[in-house]
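Visitor: I'm new to this one and would like a close look at a single part. Could you pick out a pair of aromatic rings and walk me through it, with some of the surroundings for context?

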Amino acid sequence: MDSMLLLHLMSEIFPSRTRAIYIDHQLQQMSTEWGTLVQKQAEVLKVPCIIQKVKVEAGNLEQQARQARYQAYQQHLQSHEVLVLAHHQQDQAETVLLRLFSGAGVNGLAAMRQIDKRNNMTIWRPFLDLSRAHIEQWSQQLGFDYVTDPTNHDTHYDRAWCREVLWDVIQTRFPKMQGAVARTSYLMQDTAEILENVLQKDWQYCATDNEIDLLALSQFSAARQRQLLSAWVKGDDQYRPSYDMVQRLQQEVILAKPDAQATLHINQHYYVRYQKKLYRLTHDILYAEKQSSIANVSSQYYEIGQFIQVAAGKFRIESQTIGLSPKLLGRELRLIKRQGGEKIHLYGRVGHWPLKKAIQEAQILPWLRHTIQILVVDNVMLGVFSPKGFWLAHSDYVEHGGWQPVLISDCGDFSQQSFSHDE
């Protein structure tokens, strides 16, 4: 009824700019007939209509159906269009109560917004302040046909239970509770906006998309730490992690003993602490060494201006004031995978160092160390490729007017990944 009323009103207000879409979840035997009814009504109103069948995945039926529905909307929504939905005041109040029962915080209790701007769409809910009684009255006056979905009364589903069982009990005691609960959502929206402003500043101070400075984080209150961690872990996911999961991240990873190799798996990512930072890693990055196909030895031939790709990243061969002899250009060099126990005499430093110590001093992340390779000619170490750049080794091949590989982008560069922390 509410959706059909919306269709009629939109066809009156925006007769040439309205399109309708009927999502057939294929969960009801009559769903195809319902689509036919919508299409006929749209034809009468001279509104173009799309019927889109979707497949609802297994799991929480309400959540999966909602996800399938919005994915279908995105397929058909054009960049200049607004998705208009018929959620009303009772829908809003039910949402607040259901999220309260699930332990939601401020963002959850903010519920639905009248104008909801997301990354890939803008949603308008013009009925959000209308009671169901008003919608019924308007619908009777217009006299159109509509369908009542039987699952709306199936108390197996949480929202139907709230509507059919809980609603009358609460409303008998608190007659104005629907408006009051819905009004709470607006107060929470204001609060969420204020918190988001604080969160943005905190994020800029100590976080990037894939790492958090734990020393900077520790300067915040416990509440601000939890909020930032919650938003950061959310990343591109639809929902924030649970309160318990944020606590586990703090206790099991952030506050773990310094020598502990603590890792926590949340959704599609792994959260790891190294030194004074917390990192978000994919499975492929964290376990790259186990999946590595880096050759133990490979031949290399370099020329000035050439771009080369090695395990540690992308480099460019460039002329340098101090570097390797030009006589090595075009000559066969060997690239050897680090095995452990090697020593290096870094140019400009005194004596030989264990390569392991140089790696630790450079604070190369443990999950990137397998990418380190040694450049050799005639069993002489020329230098080392690392995610922090090329380390020139002291040798007879170092001279003025030489050349060196210069790092362009390292193998741990996450700049191509982008995450949103909006709720």
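Guide: Here is a walk from the whole protein down to one ring pair, with a short stop at a helix afterwards. Keep in mind that this is a predicted model.

Let's start with the big picture. The protein has 423 residues, and 41% of them count as buried. Its chain forms 14 helices and 20 strands. If those 423 residues made a compact globule, you'd expect a radius of gyration near 22 Å, but here the value is 30 Å. The C-alpha trace spans about 95 × 45 × 35 Å along the principal axes. Take the contacts between residues at least 6 apart in sequence: 64% of them join residues that are at least 24 apart. On the outside, the accessible surface comes to about 24000 Å², with 49% of that belonging to carbon and sulfur atoms. As for charges, there are 44 positive and 45 negative ones, and their mean positions sit 6 Å apart.

Now for the rings. The structure holds 9 aromatic pairs, and the one to zoom in on is made by Y270 and Y287. Their ring centres are 5.7 Å apart and their planes meet at 85°; an angle over 60 degrees counts as edge-to-face, so that is what this pair is. The two partners come from distant parts of the chain, 17 residues apart. Y270 belongs to strand β8, which covers residues 269-274. Y287, on the other hand, is in the loop between α12 (283-286) and α13 (288-291).

So how covered is each partner, buried or exposed? Y270 has a relative accessible area of 14%, and because anything under 20% counts as buried, Y270 is buried. Y287 comes out at 26%, which lies between the 20% and 50% cut-offs, so Y287 is partly exposed. That gives you an edge-to-face pair with a buried tyrosine in a strand and a partly exposed one in a loop.

While we're on rings, have a look at F315, F385 and F390 too: ring pairs link these three into a cluster.

One last stop, away from the rings. S185 lies in helix α8, which runs over residues 177-206. Its relative accessibility is 0%, so S185 counts as buried. Which residues does S185 touch, leaving aside its neighbours within four places in sequence? They are Q92, V96, L109, A110 and A111.

Definitions and conventions. Residues numbered from 1 in each chain as written. Predicted model: local features only at pLDDT ≥ 70, side-chain atom pairs only at ≥ 80, totals over all residues. Heavy atoms only, no water. Helix = DSSP H or I, 4+ residues; strand = E, 2+ residues; numbered from the N terminus. Rg over C-alpha atoms; globule rule 2.2 N^0.38 Å. Buried < 20%, exposed > 50% of the residue type's maximum accessible area, 1.4 Å probe, protein only. Contact = heavy atoms within 4.5 Å. Areas by Shrake-Rupley, 256 points an atom, 1.4 Å probe, with all protein chains shown as cover. Lys, Arg positive; Asp, Glu negative; His and termini not counted. Charge placed at Lys NZ, Arg CZ, Asp CG, Glu CD. Phe/Tyr/Trp six-rings, centres within 6.5 Å; stacked < 30°, edge-to-face > 60°.
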